[in-house]
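Grab a coffee and open the viewer: here are a few exercises to work through, each with a solution you can check by eye. Try each task before you read on.

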Amino acid sequence: MIKLTLFIVSDSVGETADLVAKAAASQFKQGLETVSLKRFSHIEEESQLGEIAFLAKQQHAVIIYTLVKSNMRKKLKEECLAKGVDCIDLLGPVVEKIGVELDEQPLEEPGLVRQLDEDYFRKIEAIEFAVKYDDGRDPRGILKADIVLVGVSRTSKTPLSQYLAHKRYKVANVPLVPEVDPPEELFHINPEKCFGLIISPEKLNSIRKERLIALGLKDDANYARVERITNEIQHFENVVKKIGCPVIDVTNRAVEETANVILNEITNRNRNR
């Protein structure tokens, strides 16, 4: 049975070339059994390339490489040519073509795609967190969150949580109603990570009426009455005073504007520490 060895050479982890090699080998009946992969990760010195090419020559291996630095690609190609080793450049031609089309020089910084992947997964994790701990479903989320939003109903807590989640922040939000004691967890967190959302009674009255009509209900329900709203806001003010957290007036603010206020506050705090 013919055996084939593939050397995976990368200035990062080498996952890209590894996956391509496995995908190619899987196209042959005995490919995955007869093709062995050896990964050489974080190769950053030209001297290492000569050693790898020498080993490939000894083991009759084919080199597959993803090197972002053009000088490293050139050096490995030269070493393989000198030693009679077959090599395949997976990344270079694509990078060069994109550079020509964009009329821009590549950064040539290893590991950037991995950073992008990690950033993407942090965002997904934050979005899932916001869904799980939305509307006070589980008070335990308050202790795990980066940001905690509190406010009466219809102060845009949920859309604001999702917006901030897309900025990689884990956000929990808690509705405040006079008939229900707020979670004790609210009083055990750093008040700096908690933000109260306040809105004018008139604006909230209008929003709640529209919400009732959209649900096919009468707009004169207790939920939308000014007396009820005033009572809820008073309760909200008592709770946030006890927490000691900042309060943001969202009356005439879009979700994006409120998010920017919060993010600027966090940035300024970190800068002053």
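One convention before we start: Ala, Val, Leu, Ile, Met, Phe, Trp, Tyr, Cys and Pro count as nonpolar, Asp, Glu, Lys and Arg as charged, and the others, Gly among them, as polar. Keep in mind too that this is a predicted model.

**Exercise 1. The cavity**

Task: Find the largest cavity, list the residues that line it, and sort them by class.

Solution:
- Step 1. Look for closed spaces: the structure holds one cavity of 30 Å³ or more. About 40 Å³ of space lies in the largest cavity.
- Step 2. Select the lining, which is made up of Tyr133, Gly136, Asp138, Pro139, Gly141, Ile142, Ala172, Asn173, Val174 and Pro183.
- Step 3. Sort this lining with the convention above, and you get six nonpolar, three polar and one charged residue.
- Step 4. Map the lining onto elements: α7 (140-144) and β6 (171-175) each supply at least two residues. Strand β6 gives the most, with three residues.

**Exercise 2. The sheet**

Task: Work out the strand order of the four-stranded open sheet, then see which helices lie across β5, β7 and β8.

Solution:
- Step 1. Read across the sheet: the order is β6-β5-β7-β8, and the pairing is parallel.
- Step 2. Find the edges, β6 and β8 (247-249), each of which pairs on one side only.
- Step 3. Check the twist, which averages 25° from one strand to the next.
- Step 4. Zoom in on β5 (residues 147-151) and β7 (residues 194-198), which pair in the parallel sense over four bridges. Here Val150 stands opposite Gly196 in β7.
- Step 5. Add the helices. Helix α10 (residues 226-243) lies across β5, β7 and β8, at about 160° to β7. Helix α11 (residues 255-272) lies across β5, β7 and β8 as well, running at about 150° to β7.

**Exercise 3. Two pockets**

Task: Describe the largest pocket and the second largest pocket by volume, lining and class.

Solution:
- Step 1. Start with the largest pocket, at about 700 Å³. Its lining has 26 residues, with Val68, Leu91, Val95, Leu112 and Val113 nearest the centre.
- Step 2. Elements giving two or more residues to this lining are α1 (15-25), α5 (92-102) and α6 (112-132). Helix α5 has the largest share, five residues.
- Step 3. By class, the lining of the largest pocket has eleven nonpolar, eight polar and seven charged residues.
- Step 4. Move to the second largest pocket, with a volume of about 360 Å³. Of its 23 lining residues, Arg154, Thr155, Ser156, Lys157 and Pro159 are the closest to its centre.
- Step 5. Here α8 (157-165), β6, α9 (201-214) and α11 each supply at least two lining residues, and α8 gives the most, with four.
- Step 6. The lining of the second largest pocket divides into nine nonpolar, eight polar and six charged residues.

**Exercise 4. A helix pair**

Task: Describe how α3 packs against α4.

Solution:
- Step 1. Take the geometry: helix α3 (residues 46-59) and helix α4 (residues 70-83) pack at about 35°, with axes 9 Å apart. The crossing is right-handed.
- Step 2. Pick out the contact. From α3 come Glu46, Leu49, Gly50, Ala53, Phe54 and Lys57, and from α4 come Asn71, Met72, Lys75, Leu76, Glu79, Cys80 and Lys83.
- Step 3. Sort the contact residues: six are nonpolar, two polar and five charged.

Conventions: Residues are numbered from 1 along each chain as its sequence is written. This is a predicted model: local features need pLDDT of at least 70, side-chain atom pairs count only at pLDDT 80 or more; totals for chains, interfaces and linings use all residues. Side-chain values use heavy atoms; hydrogens and water are left out. On a 1 Å grid over the protein atoms alone, a cavity is a set of points where a 1.4 Å probe fits but cannot get out, and a pocket is an open set with protein on both sides within 12 Å along at least five of seven lines; lining residues have an atom within 4 Å of a point. Grid points are joined across faces, edges and corners, and a volume is the space filled by probe spheres set on the points. Two strands pair if DSSP finds at least two bridges between them. Axes are lines fitted to C-alpha atoms, for helices over the stretch in contact, and angles run from 0 to 180 degrees between N-to-C directions. Contact means heavy atoms within 4.5 Å. A crossing is left-handed if the near helix is turned anticlockwise from the far one by less than a right angle, and right-handed if clockwise.
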